[in-house]
Amino acid sequence: MIDPHLWWYVTRASAIIAWALMTGSVLWGILLSTRVLRRIDSPAWLQDLHRYLGGAALVMVGLHLVSLMLDPWLKFTAAEALVPFATDFKPLPVALGILAFYLLVAVQGSSLLMQRLPRRFWKFLHRASYLTVLLVSLHAGFTGTDVGTWWYRAVAITLIGLSTLAVIVRMLAGARFGGSRAEHPQQKRSLIVVSVTTVADGVRGIRLELPNRRRLPAWQPGAHLTLHLPNGLQRQYSLCGDPAERHHYDIAVLHTRESAGGSAWIHQNLLPGMTIEVSGPQNHFAREPAPEYLFVAGGIGITPIKAMIESLPAHQVWRLIYAGRSRSTMAFADDLAARYPGPVRVHAADENDAVLHLATIVAEGSPEAEVYCCGPESLMTAVAALVPAKRMHLERFVAVRRAAPAAEPVLVSCRKSRREVLVPAGQSILTALEQNGLPVLGSCRTGVCGTCELRVVAGAPLHLDSVMDDADKDRLRIIYPCVSRASTPILVLDV
Ligand code: FES
């Protein structure tokens, strides 16, 4: 026989579990957002746990509402359970609980739609989770029938204490890690050239700092800086130091033979003590959490890969295949081989036994290994042919020529500025937007640097850039308008 108090027990239990899950989700989210946990690494389960806690809290709140209506003594109607002040039973505390429920729905819903919502709006909604926990605490403190018991007080003190601790951690860590306010990726700052060293034949290692060694914006492995050179050129260089070091940026610049004036200027003119304009860091080659990594670097393509290796936790399984013409031209080769003799394999083409069997190397690893490759196009094409696209991540320094149908005119509807721009077939979307006075930025204009990134609100982009996988761009709903077009007659962009 079913206990007649069943729904009464369910109501009380689900309320306390929901409160605990919400508190846990907020605390975990704060530890993630302040990088207290991310400093360990950023495996997917850390993010997933935050989401699951929030989702489970919502399920428990739903169960709480249903049990309130099913309980034969309480007999809440749907209106009383869902509409503030519709009940005579402690109307204000109940209304606070109902409001918390709607806020929780909004927070969880916005998390599911995170990639489709404007970032600021999502953040604004997400911060409502603090208010949700506060409302739930007040609701629980004034309506719970167990309020007078010692165990309920113990639970309440623990949960309120944890919430308070979370806010304190948020404030302290926010100050320590430079806060979470994102700068525009193209915001320029003047950095001082602290040192210029030769790290390999034709490669200069450059260290940059803010005046007075102030803390620099945080970055993740795979990120690059844009150097705004005094000769008017802009050049992108991957950060190759340790992301945990916040007082300087390290880059390495190869003097390319076909330099159009970027690397040549740097090699001939850049000296310690000079000041240079820099924007970024920006990242289109972020390392995703994975059980195992295979890194393949060719020549100066080692720079983003080195930063990834520097940031790996000690237990991570990884291998690096580093190929180049000769060791003397391969930046950081000896250092990496000396520090990581097991996972690092250096292939210098001028050494007797240096035959690079890519197929064998790729086959040696786990079939779940994520593969990150940066270097000459021939190397990246060869590796990409051996690895399923979903595990392959490429970073290009030069644009690839991509086959495309003849360009068609496209009507670009600009959501923020409420303007419409007709882009003729012979003009890039970026140029058309610039000519109409819209706030877009470009740098390489060949679809490599990622500077011109815009969010797609509606319509189907035709990706012609070389920044990242097309599937990733579609998932993130972004377009690089310096080269890409649309496969629909109208494209709505967030500009
Ligand atoms: S300006 Fe470099 S990708 Fe568009």
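**Arg246 and the overall fold**

In this predicted model, Arg246 is found in the loop that runs between strands β4 (234-238) and β5 (249-254). Arg246 is buried, yet no salt bridge is formed by this residue. The nearest side chain of opposite charge is that of Glu245, at a distance of 7.7 Å, whereas a salt bridge requires a side-chain nitrogen of Lys or Arg within 4 Å of a carboxyl oxygen of Asp or Glu. A backbone partner is present instead: the side chain of Arg246 reaches the backbone oxygen of Leu216 at 2.7 Å.

The protein chain that holds this loop contains 13 helices and 18 strands. Of its 495 residues, 47% are buried. The C-alpha trace spans about 85 × 55 × 50 Å along the principal axes. The exposed area of the protein chain is about 24,400 Å², of which 61% is supplied by carbon and sulfur atoms. When contacts between residues at least 6 apart in sequence are considered, 64% of them join residues at least 24 apart.

An unreviewed UniProt entry lists residues 6-31, 52-74, 94-113 and 150-173 under "transmembrane region". Two of these spans were examined in the model. Residues 6-31 are 100% helix and 0% strand, with the end C-alpha atoms 37 Å apart. For residues 94-113, the helix content is 95% and the strand content 0%; here the end C-alpha atoms are separated by 29 Å.

Methods:
Residues are numbered from 1 along each chain as its sequence is written. This is a predicted model: local features need pLDDT of at least 70, side-chain atom pairs count only at pLDDT 80 or more; totals for chains, interfaces and linings use all residues. Side-chain values use heavy atoms; hydrogens and water are left out. Helices (H or I, at least four residues) and strands (E, at least two) are DSSP runs, numbered from the N terminus. Buried means under 20% relative accessible area, exposed over 50%, partly exposed in between (1.4 Å probe, protein chains only). Lys and Arg count as positive and Asp and Glu as negative; His and the chain ends are not counted. A polar contact is a pair of N or O atoms within 3.5 Å; within protein, one must be able to donate a hydrogen and the other to accept it, and residues adjacent in sequence count only if both atoms are side-chain atoms. UniProt positions are given in the numbering used here, feature names are shortened, and annotations may be inferred rather than shown by experiment. Contact means heavy atoms within 4.5 Å. Accessible areas come from the Shrake-Rupley method with a 1.4 Å probe; for residues, only the protein chains shown count as cover.
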